[in-house]
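User: Hi! Could you walk me through a helix and some aromatic contacts in this one?
Analyst: Happy to, let's bring it up.

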Amino acid sequence: MMKGWSEEKQHFVQYYGSDAVDASSLLMVTTNFTGSTEPRMLSTIRAIQKELTYGALVHRYNPEKAASDGTSSTHEGTFGACSFWMAQALAEAGKVDEGRLMLEKMLSYSNHVGLYAEEIGAKGEALGNFPQAFTHLALITTCYNIDKILDGGRKSPL
């Protein structure tokens with residue numbers, strides 16, 4: 001909580017010593033590491049929305065600002081899992097309508113039998129590994145937890 005936070009940037013960071021925002025920080029909510037309404041998490045959600053989100057689609061990180069992971073220095077497609085995590089984080093942070101709308105938009109990016117690729121391109125095309133189990137797990141968890149919120153219940157301890 002101390003080393004993974006940038007006081008200057010006001011968001012959790014990709015790795016200790018970095019100041020780059022990374023949408024995988026949203027897993028901190030999904031895994032119950034921190035609460036969705038914790039001020040640092042809310043600030044991180046806003047940073048991800050500002051720097052990495054385009055409509056309902058979320059990039060994991062900006063490769064120009066983050067550590068090299070061996071991929072190209074240009075933007076790849078957006079990551080479906082990150083987009084679902086964002087929808088859930090928004091709903092759990094009290095922005096239920098915004099999270100639900102994001103989830104509904106994401107549902108339109110599956111193929112004709114409901115499968116998702118690892119990444120979604122700028123024109124909605126499936127990129128990367130297909131089908132991607134990790135994306136589907138994020139879809140299921142997000143649907144389950146947003147449904148619980150809409151029903152007035154608490155999120156799953158998954």
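**Helix α4 and the aromatic pairs**

Analyst: Keep in mind that this is a predicted model. A good place to start is what the buried residues of α4 pack against: β3 (53-54), β4 (57-58), α3 (80-92), β6 (119-120) and α5 (133-150).

User: Which residues in α4 are buried?
Analyst: Gly99, Met102, Leu103 and Met106. Looking down the axis of α4, these buried residues fall within an arc of 100 degrees, so they line one face of the helix.

User: Why would residues three or four places apart point the same way?
Analyst: An α-helix has 3.6 residues a turn, so that spacing brings them round to point the same way.

User: And how far apart are the end C-alpha atoms of α4?
Analyst: They are 16 Å apart. With 12 residues (96-107) at 1.5 Å a residue, the helix should span 16 Å, so the two agree.

User: Switching topic: how many aromatic pairs does the structure hold?
Analyst: Three. One of them is Trp5 with Phe12, an edge-to-face pair at 5.2 Å centre to centre, with 70 degrees between the planes.

User: Are Trp5 and Phe12 buried or exposed?
Analyst: Both are buried. Another edge-to-face pair is Phe84 and Tyr116, at 5.4 Å centre to centre and 85 degrees between the planes.

User: Where do Phe84 and Tyr116 lie?
Analyst: Phe84 is in helix α3 and Tyr116 is in the loop between α4 and β6, so the pair ties together parts 32 residues apart in sequence. Phe84 counts as buried because its relative accessibility is 0%, and Tyr116 counts as buried at 2%.

Note on methods. Residues are numbered from 1 along each chain as its sequence is written. This is a predicted model: local features need pLDDT of at least 70, side-chain atom pairs count only at pLDDT 80 or more; totals for chains, interfaces and linings use all residues. Side-chain values use heavy atoms; hydrogens and water are left out. Helices (H or I, at least four residues) and strands (E, at least two) are DSSP runs, numbered from the N terminus. The expected span of a helix is 1.5 Å times one less than its number of residues. Buried means under 20% relative accessible area, exposed over 50%, partly exposed in between (1.4 Å probe, protein chains only). The arc is that of the directions from the helix axis to the C-beta atoms. Contact means heavy atoms within 4.5 Å. Rings of Phe, Tyr and Trp (its six-membered ring) pair if their centres lie within 6.5 Å; planes under 30 degrees apart count as stacked, over 60 as edge-to-face and the rest as tilted.
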